[in-house]
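Student: Please take one part of this model and examine it closely. I would like a single connected account, with each term defined by its cut-offs.

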Amino acid sequence: MFIRVADEGKQNEETIEIPVDGDADGSVSLSTLTAQFQGVSALKYRNSESGVWRGVRVVDGKLYHPDGEWDPNAIYVPVYSKPMPSEIKRKGFDENQDETMSTSLGQIKPQRVATDFMINNNVDYDDIDRNRRCVDLIVLGISYRSLEDDVKKCFEEFGELVLCEIKRDSNGQSRGFGFIRYKNYESQLAVINKRHFIDGRHVDVKIPESKASHEPEYTRKIFITHMPDAITTDDLRQYFSKYGTLTDIYIPKPARSFGFVTFTDSSIVRSLLGKHVIKGCTVTVGLAEPKTKSYNINDYPSSTFKKAKSDHRGIRTFAPYAAPPPAAYPYYHQQFEQASNTDRMFTYFQQYNVSTPSATKEAFPTHQQSYWNTTEAAADGIWQ
DNA sequence: GTTGAGCGTT
């Protein structure tokens, strides 16, 4: 069986039939879809009764129809998150521009080939370029008695170093961390995310926060819970690296059933919220809270998870519920991307007959973004 | 069952 997919307003010229995996679970593979619609992250369709858009559920790279079966006559419309396909630079797109970058290590000519991964995950070349360069790497966990030479000896095994230093206080006492930098990017790839031993201590090498991203760390980080002890950092790396470039993986020792994975980019984070199956275990992915409570909310208006939670308690107090939610719960943010506003949220939730007294609107300051979705709302008893 | 150690200098 096939479903018909076309960009909005292009049903006449460019409707493409996409196969449904009938052997398995009747889902449509997101990668099959992205082969035809670059940059697509979900599908939507018009609800024939109400006329409003409905989102198709996306889980683990597969699209599931809310009613359990696809309508062969419907036209499904791709939902894109940024950037739009026309903005994805493919090989040849801007070949006449000189894109040679100057770095302290010489000239690097970036390759301009969009991989499937990049297209699927809306990774653009700026991300890749930034990530392909050698940067100073932070070395954490250095013994206080280790010297520069000890550190150097360990890391020279992987290639020529252009920097190796241990940070010290004004008395010359080691602070237990330092920085290294390689001449070649391959060496950087070889040491990062691996365990190293110096003077009987294991040390970690990471991209330092100052180089990781322009976005605050916690917006790029997921919080994984209900995680069995058997899941290791390697398992998390293997599983989550398909969604983006990782800058950090953390599992406390001894294990406490949770962990963190940090990406280079915050944009993938929202799409990962919910259940995932890793090594046969179902784990829950949530947002990481900021490590310090002293952040200024106005600095990061798009990342105020705690505020979003209290907003939705606001609804619960007011709303009587006339009807149960539909069979599936499309993510609000998959339809409307990142920036939200009160009016648009209320319009969206009206399709579920959630009563929205005007007083409730006051609980939604317009500068705040809501990350919560209808599944979470249902779990919290809004519609029970 | 549910939130992380530590991040500099030019």
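Tutor: The account that follows starts from one helix and works outward to its surroundings.

This is a predicted model, in which local features need pLDDT of at least 70 and side-chain atom pairs count only at pLDDT 80 or more, while totals for chains, interfaces and linings use all residues. Residues are numbered from 1 along each chain as its sequence is written, chains are lettered from A and ligands numbered from 1 in the order in which they are written, and side-chain values use heavy atoms, without hydrogens or water.

The part chosen is helix H7, residues 233-240. Helices (H or I, at least four residues) and strands (E, at least two) are DSSP runs, numbered from the N terminus. Within H7, the buried residues are Asp235, Leu236, Tyr239 and Phe240; buried means under 20% relative accessible area, exposed over 50%, and partly exposed in between (1.4 Å probe, protein chains only). These four lie on the same side of H7, because they cover an arc of only 110 degrees around its axis, the arc being that of the directions from the helix axis to the C-beta atoms. In an α-helix there are 3.6 residues a turn, so residues three or four places apart point the same way.

Packed against the buried residues of H7 are E16, E17, E18, H8, E19 (274-278) and E20, where contact means heavy atoms within 4.5 Å. Leu236 and Phe240 are also among the residues with the most contacts inside the largest nonpolar core, which has 21 residues; Ile222, Ile224, Val261, Phe263 and Leu272 complete that list. A nonpolar core is a set of buried Ala, Val, Leu, Ile, Met, Phe, Trp, Tyr and Cys residues joined through side-chain atoms within 4.5 Å. At least two core residues come from each of E16 (221-225), H7, E17 (246-250), E18 (258-263), H8 (269-272) and E20 (281-287). Beyond four places in sequence, the contacts of Val261 include Ile222, Ile224, Leu236, Phe240, Leu246 and Ile249.

Two loops lie beside these elements. His226 belongs to the loop between E16 and H7; His226 is exposed, at 55% relative accessible area, and its phi is near 55 degrees, a positive value in a residue other than glycine. The loop between E17 and E18 holds Pro254 and Ser257. A cis peptide bond, with omega about 0 degrees, joins Lys253 and Pro254. Ser257 is partly exposed, at 36%, and has a positive phi near 70 degrees. Most residues other than glycine have a negative phi, and most peptide bonds are trans.

Both loops lead to DNA strand B. Ser257 is one of the residues that come nearest to that strand, together with Asp136, Lys221, Phe223 and Tyr250, out of 27 around it; near means that one heavy atom of the residue lies within 4 Å. Of the atoms of DNA strand B within 4 Å of the protein, 31% are sugar and phosphate. A polar side-chain atom of His226 is 3.3 Å from a base oxygen of DNA strand B, and a polar backbone atom of Glu289 is 3.0 Å from a base oxygen. E16 and E18 are among the elements that give two or more residues to this surface.

Notes:
Polar contact = N/O pair within 3.5 Å; in protein donor to acceptor, adjacent residues only side chain to side chain.
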